[in-house]
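Got the viewer open? Let's take a walk through this one together, one selection at a time.

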Amino acid sequence: QVQLVESGGGLVQAGGSLRLSCVASGSTFAIITMGWYRQAPGKQRELVALITSRITNYADSVKGRFTISRDNARNTVYLQMNSLKPEDTAVYYCNVPGVTYTYWGQGTQVTVSS
């Protein structure tokens with residue numbers, strides 16, 4: 001089992017920056033991929049970015065503005081979000097796909113005002 005705890009959300013003006021963190025605990029030795037998803041009101045949850053030991057992948061809407069990184073020693077994944085837009089407003093969830101189960105954090109709210 002893996003437990004995920006996010007932090008770093010908040011209210012920011014358009015053009016501003018935020019850094020999200022997600023700390024994993026439990027069976028962290030089995031983690032290969034870590035990712036960030038988001039869900040805006042009335043919309044489906046969507047992939048924002050993911051990272052493995054070799055690759056990173058981003059949604060087109062955040063390319064060039066967001067950067068995902070991880071610190072394996074701290075079992076932590078980060079999402080640096082720059083040039084934020086009002087359409088980035090959502091609850092952001094940390095994600096770890098397991099063999100038979102997908103783990104999610106509780107989510108952290110990001111609100112971007114215009």
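Before we click on anything, one cut-off: a residue is called buried when its relative accessible area is under 20%, and exposed when that value is over 50%, with partly exposed in between. Also keep in mind that this is a predicted model.

**Stop 1: Asp88.** Start by selecting Asp88. Is this residue buried or exposed? Its relative accessibility is 1%, and because buried means under 20%, Asp88 counts as buried. Now look for its partners. Arg38 forms a salt bridge with Asp88, and their closest N and O atoms are 2.9 Å apart. Check where the two sit: Arg38 is in strand S4 and Asp88 is in the loop between S8 and S9, so the pair links distant parts of the chain, 50 residues apart.

**Stop 2: Arg38.** Stay with that pair and centre the view on Arg38. With a relative accessible area of 6%, Arg38 is buried. Besides Asp88, try showing Tyr92: a polar contact of 2.9 Å joins its side chain to that of Arg38. If you display what surrounds Arg38, leaving aside neighbours within four places in sequence, you'll find contacts including Gln44, Glu46, Val48, Phe66 and Ala90.

**Stop 3: Arg65.** Next, select Arg65, which lies in the loop between strand S6 (56-58) and strand S7 (66-71). Arg65 is buried too, at a relative accessible area of 10%. Its side chain reaches Asp88 through a polar contact of 2.8 Å. Sequence neighbours within four places aside, the residues in contact with Arg65 include Gln80, Met81, Asn82 and Ser83. Now add Glu46 to your selection: which residues share a network of salt bridges? The answer is Arg38, Glu46, Arg65 and Asp88. As a general point, side chains of opposite charge can pair when their charged atoms come close.

**Stop 4: the other salt bridges.** A search of the whole structure turns up 5 salt bridges. One of them joins Asp60 and Lys63, with the closest N and O atoms 3.1 Å apart. Here Asp60 counts as exposed, at 64% relative accessibility, while Lys63 is partly exposed at 48%. Another to select is Asp71 with Arg74, whose side chains meet at 2.9 Å, N to O. Arg74 counts as exposed, with 56% relative accessibility.

**Stop 5: the core.** Time to hide the charges and look at the nonpolar side chains. The largest nonpolar core has 30 residues, and Trp36, Leu79, Met81 and Tyr92 touch the most other members. Colour by strand and you'll see that the elements giving two or more residues to this core include S1 (2-7), S3 (18-26), S4 (34-39) and S9 (90-97). Tyr92, the partner of Arg38 from Stop 2, is worth a closer look. Apart from neighbours within four places in sequence, Tyr92 is in contact with residues including Leu20, Trp36, Phe66, Leu79, Met81 and Val110.

**Stop 6: a sheet.** Finally, switch to cartoon view. What is the order of the strands in the open sheet of 4 strands? Trace S1-S3-S8-S7, with antiparallel pairing. S1 and S7 are the edge strands, each pairing on one side only. From one strand to the next, the twist averages 15 degrees. Zoom in on S1 and S3, which run antiparallel and are joined by 6 bridges. For a last click, select Ser7: it stands opposite Ser21 in S3.

Terms used: Residues numbered from 1 in each chain as written. Predicted model: local features only at pLDDT ≥ 70, side-chain atom pairs only at ≥ 80, totals over all residues. Heavy atoms only, no water. Buried < 20%, exposed > 50% of the residue type's maximum accessible area, 1.4 Å probe, protein only. Polar contact = N/O pair within 3.5 Å; in protein donor to acceptor, adjacent residues only side chain to side chain. Contact = heavy atoms within 4.5 Å. Core = buried A, V, L, I, M, F, W, Y, C linked by side-chain atoms within 4.5 Å. Pairing = 2+ DSSP bridges. Axes fitted to C-alpha atoms, helices over the stretch in contact; angles between N-to-C directions. Salt bridge = Lys/Arg side-chain N within 4 Å of Asp/Glu carboxyl O.
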